[in-house]
There are 4 protein chains.
Amino acid sequence: MSVIVDFSIFPIGKEESVSKYASRAVKIIKESGLAHHISPMGTSIEGEWDEVMRVITRCMEDLKQDCGRLYMTMKVDCRAGVSGRMDKKINKVT
Amino acid sequence: MSVIVDFSIFPIGKEESVSKYASRAVKIIKESGLAHHISPMGTSIEGEWDEVMRVITRCMEDLKQDCGRLYMTMKVDCRAGVSGRMDKKINKVT
Amino acid sequence: MSVIVDFSIFPIGKEESVSKYASRAVKIIKESGLAHHISPMGTSIEGEWDEVMRVITRCMEDLKQDCGRLYMTMKVDCRAGVSGRMDKKINKVT
Amino acid sequence: MSVIVDFSIFPIGKEESVSKYASRAVKIIKESGLAHHISPMGTSIEGEWDEVMRVITRCMEDLKQDCGRLYMTMKVDCRAGVSGRMDKKINKVT
């Protein structure tokens, strides 16, 4: 099933600025080749459930190398029979 | 305190497509004049806590006129002494 | 409209353990007299939208006294014509 | 890495009451044998990342059989070197 996942990840217990960690996750998402949309509070990733979860797992594995505690949030929209929805969703509400 | 709030709102118990409801919320956010960023899974709004919450309350009041049940999610980033952060946050991770 | 809000709050840029901050929020929620349910990842609060938001604002005001950056998440379930739903919701799914 | 995941799942485009769908997910979580805590707005599940994600995938697969659109939210707390944290987390804030 094709999904869109809005994903955020950052460490707890590090500096107040977490952008250097978030940028490592963004780099992994970009390298995945999956469609994505970067927003100020997270990144939306579109693809098959398993492939999106593999990318998210890779982000977590990367950050946990030097972060003792990580916080992640996900909002998932799974819709049967539809793909390439990210841009359409924005167009339909604006 | 200046905040960035990633906000989603949609009805439960209506059609499978909720874009016509989401677009009413997006219209209210745009008319508020607050800085915002529309993404496939929600809209980030930046401003003082009270003014952002007033806009979100207005979205809820509008949709509850014809929706018996609403679901909303918010992710809030409150940071002292910084404003105009939405674009900077994206630039710092990309 | 009566709402149930699942609420989490913690600082970014402090220690890895954030329980001393979370416990200040839990104390404020308890003192509010609103129905609530404490879980490992957040607290559900039930009441009218305005009164729940007042309690959440109080938590934020309290923590921002000694935290430069706060992260909060909320999931909101607004349902017309129903109150006292927190226990019922658990009973209906278990 | 041991994680605690606060997880919610429900269909969009079905009835206003979604408890019959949520209860199917709760049943799958219970049968998994993983430690869990049911709250009014979601269920916290504790375990290794891969095993928790397998249970969540099972919930999604089950509901997508008769739901054209699903919405899920997750809040994830990953902390190195600690397990059996669910009850401790509640005790530390109350």
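Colleague: How many of the ten residues of strand E1(C) are buried?
Modeller: Let's use the term buried for a residue with 20 or more other C-beta atoms within 10 Å of its own (12 or fewer means exposed, in between means partly exposed, and C-beta atoms are placed from the backbone). E1(C) is largely enclosed by the rest of the structure, because its buried residues number nine.

Colleague: Before we go on, what pLDDT do local features need?
Modeller: Residues are numbered from 1 along each chain as its sequence is written, while chains are lettered from A and ligands numbered from 1 in the order in which they are written. This is a predicted model, in which totals for chains, interfaces and linings use all residues, side-chain atom pairs count only at pLDDT 80 or more, and local features need pLDDT of at least 70.

Colleague: Which residue of E4(C) is the bridge partner of C:Val5?
Modeller: Strands here are DSSP runs of E with at least two residues, helices are runs of H or I with at least four, and both are numbered from the N terminus; two strands pair if DSSP finds at least two bridges between them. E1 (residues 2-11) of chain C runs antiparallel to E4 (residues 69-79) of chain C, joined by nine bridges, and C:Pro11 stands opposite C:Leu70 there. With E3 (residues 42-48) of chain C, E1(C) pairs in the antiparallel sense over six bridges, and there C:Val5 stands opposite C:Ile45. In E4(C), C:Val5 has as its bridge partner C:Val76.

Colleague: Which strands stand at the edges of the open sheet that holds E1(C)?
Modeller: Good one to trace by eye: eight strands run antiparallel in the order E2(B)-E3(B)-E1(B)-E4(B)-E4(C)-E1(C)-E3(C)-E2(C). Each edge strand has a single partner strand, so one side of it is left without a neighbour in the sheet; the two are E2 (35-39) of chain B and E2 (35-39) of chain C.

Colleague: And what is the average twist from one strand to the next in the sheet of chains A and D?
Modeller: That open sheet also has eight strands with antiparallel pairing, ordered E2(A)-E3(A)-E1(A)-E4(A)-E4(D)-E1(D)-E3(D)-E2(D). E2 (35-39) of chain A and E2 (35-39) of chain D are at the edges, each pairing on one side only. Angles run from 0 to 180 degrees between N-to-C directions of axes fitted as lines to C-alpha atoms, for helices over the stretch in contact. From strand to strand, the twist averages 20°.

Colleague: Which residue of E3(A) stands opposite A:His36?
Modeller: E3(A) is mostly covered, with six of its seven residues buried. Six bridges join it to E1(A), antiparallel, where A:Ser2 stands opposite A:Glu48. A hairpin of two residues links E2(A) to E3(A), and five bridges join these antiparallel strands. Opposite A:His36 is A:Ile45.

Colleague: At about what angle to E1(A) does helix H1 of chain A run?
Modeller: H1 covers residues 19-32 and lies across E1 (2-11), E2 and E3 (42-48) of chain A. Relative to E1(A), H1(A) runs at about 150°.

Colleague: Which residues have the most contacts inside the largest nonpolar core?
Modeller: A nonpolar core is a set of buried Ala, Val, Leu, Ile, Met, Phe, Trp, Tyr and Cys residues joined through C-beta atoms within 7 Å, and contact likewise means C-beta atoms, placed from the backbone, within 7 Å. Leaving out residues up to four places away in sequence, C:Ile9 touches C:Ala22, C:Ala25, C:Cys59, C:Met60, C:Leu63, C:Leu70 and C:Met72. The largest core has 112 residues, and those with the most contacts are A:Ile9, B:Ile9, C:Ile9 and D:Ile9.

Colleague: Which element gives the largest share of the side of chain A that touches chain B?
Modeller: In this interface, 23 residues of chain A are in contact with 23 residues of chain B. E1, H1, E2, E3, E4 (69-79) and H3 (86-93) of chain A each supply at least two residues of that side of chain A. The largest share, five residues, comes from H3(A).

Colleague: Which residue of chain D has the C-alpha nearest the axis relating chains A and D?
Modeller: Superposing by least squares on C-alpha atoms of residues with pLDDT of at least 70 in both copies, chain D can be laid on chain A by a turn of 180° and a shift of 0.0 Å along the axis, with an RMSD of 0.0 Å. The two copies are thus related as by a two-fold rotation axis. At 2.5 Å from the axis, the nearest C-alpha in chain D is that of D:Met74.

Conventions
Contact = placed C-beta atoms within 7 Å.
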